[in-house]
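Visitor: I am new to this structure. Please take me slowly through one part of it, and explain your terms as you go.

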Amino acid sequence: MKTLLVGYKAADLKAKMLEGDVTCHVLDIYHRHAIEKVWHAKCICTPHLPAGDWDLVKFRTGPKIMSGELSLDLLQEVYALKPGKIELDFVGKERDRNSLLEKIKSDPERVRSFRAQWPASVPGGEKLMFSSYPGCFCHRRLDEGGLALAEIVTRELSASAVPLSILDMGCGSGLVGFLIASYLTAKNTPPSKLVLVDSHSRAVEAAQENAEKFSIPAEVILSDNGTPQRMDGSFDVFVGNPPYYSDYRIAEVFLETARRALKEGGVCYSVCKNAAGLEPVQKRYFPEVEIIPRRGYAVLKSVKRQSFIQDGKKGC
Ligand SMILES: C[S@@+](CC[C@H](N)C(=O)[O-])C[C@H]1O[C@@H](n2cnc3c(N)ncnc32)[C@H](O)[C@@H]1O
């Protein structure tokens, strides 16, 4: 009996559910690592459900678990797999469960596209049409914080006459990295290297698609740990619009990565709604933080200094 579990996190799993030939599917590599830490389970992280002769697909969903659009998108993929049996583990009201199932059962063969396209530009730059998918951060629209970050960084780099190496961490569909790269390319100083990193497989898929569409050479990496082996002190610029839902724990991973990835004199730019919260975190990794307000957000700018000593430890 081959079973595929979709939408389950480490805390949702029970030993009994993992008996037999069971594969867990997740969209975010963080959840894969969290499952593998606790369970001996086969786990895969891909933007779409894996093909296979599944006897059973169990799909955990509900309004508190994922957006309605992602739920319908994944349910559509579950039906397309044509497994022996489908079980919906719905967390929420019966009415919402029925309405979700109705959308599929009324026309199970219909394949809806949930891809969205939306424009974004920075002053003096070209308008780019970004693609995104359900599950991507800010699907269907741009994030004002990300745009504020791209606007400040392009303004700051506008005088640079040399090609720069740029790292965009938590890239989502690539809003910040591609706006900056497109602006610099139009000025005849395209980045010497552009690397985008995200932990979500659908963000990586969208960013790869956008890189091709905009003809911007870029490497897009799926990672939740800042890929230490790749962050080798060779970058001139780091940009990051981290999520803030984990009491700055993820922002800390971003800033630690920035510190490691930047060369001496390299510049780290982060963005947040409330500078008072992020500033002390950024100061653990960089000696000075300049706060630049934009669009109701704060862009925090720091320069890497090799000699920086904090808490008795030399910055790495
Ligand atoms: C606030 S969104 C910013 C997206 C994009 N840069 C923008 O400005 O629109 C944060 C992004 O960080 C990603 N993320 C969360 N934790 C991460 C981690 N540990 N490593 C890499 N990316 C992460 C999320 O998947 C999400 O795409």
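Guide: The C-alpha centres of domain 1 and domain 2 lie 31 Å apart. Domain 1 covers 2–105 and domain 2 covers 116–314; such bounds come from an automatic or database domain assignment. This is a predicted model, where local features need pLDDT of at least 70, side-chain atom pairs count only at pLDDT 80 or more, and totals for chains, interfaces and linings use all residues. Residues are numbered from 1 along each chain as its sequence is written.

Let us look at domain 1, starting with its sheet. The sheet is open and has five strands, in the order E3-E2-E1-E4-E5, with parallel pairing. Strands (E, at least two residues) and helices (H or I, at least four) are DSSP runs, numbered from the N terminus. Two strands pair if DSSP finds at least two bridges between them. E3 (42–45) and E5 (85–90) stand at the edges with a single partner strand each, so one side of each has no neighbour in the sheet. From one strand to the next, the twist averages 20 degrees. E4 (residues 56–61) runs parallel to E5, joined by six bridges. In E5, isoleucine 86 is the bridge partner of valine 57.

Helices pack on this sheet. H1 touches E2 (21–26) and E3, and its direction makes about 170 degrees with that of E3. H2 touches E1 (2–6), E4 and E5, and its direction makes about 175 degrees with that of E4. Contact means that C-beta atoms, placed from the backbone, lie within 7 Å. Angles run from 0 to 180 degrees between N-to-C directions; axes are lines fitted to C-alpha atoms, for helices over the stretch in contact.

H2 also meets H3 (residues 94–105), at an angle of about 50 degrees and with the axes 10 Å apart. That makes H2 oblique to H3. Oblique is what remains after roughly parallel (under 35 degrees), roughly antiparallel (over 145) and roughly perpendicular (65 to 115). H2 contributes Ser71, Leu72, Leu75, Gln76 and Tyr79 to the contact, and H3 contributes Leu100, Lys103 and Ile104. By class, these residues are five nonpolar, two polar and one charged. Ala, Val, Leu, Ile, Met, Phe, Trp, Tyr, Cys and Pro count as nonpolar, Asp, Glu, Lys and Arg as charged, and the others, Gly among them, as polar.

Last, the side facing the other domain. Here 12 residues of domain 1 contact 10 residues of domain 2. H1 (29–38) and H2 (68–80) each supply at least two residues of that side of domain 1. The side has six nonpolar, three polar and three charged residues.

Methods
Contact = placed C-beta atoms within 7 Å.
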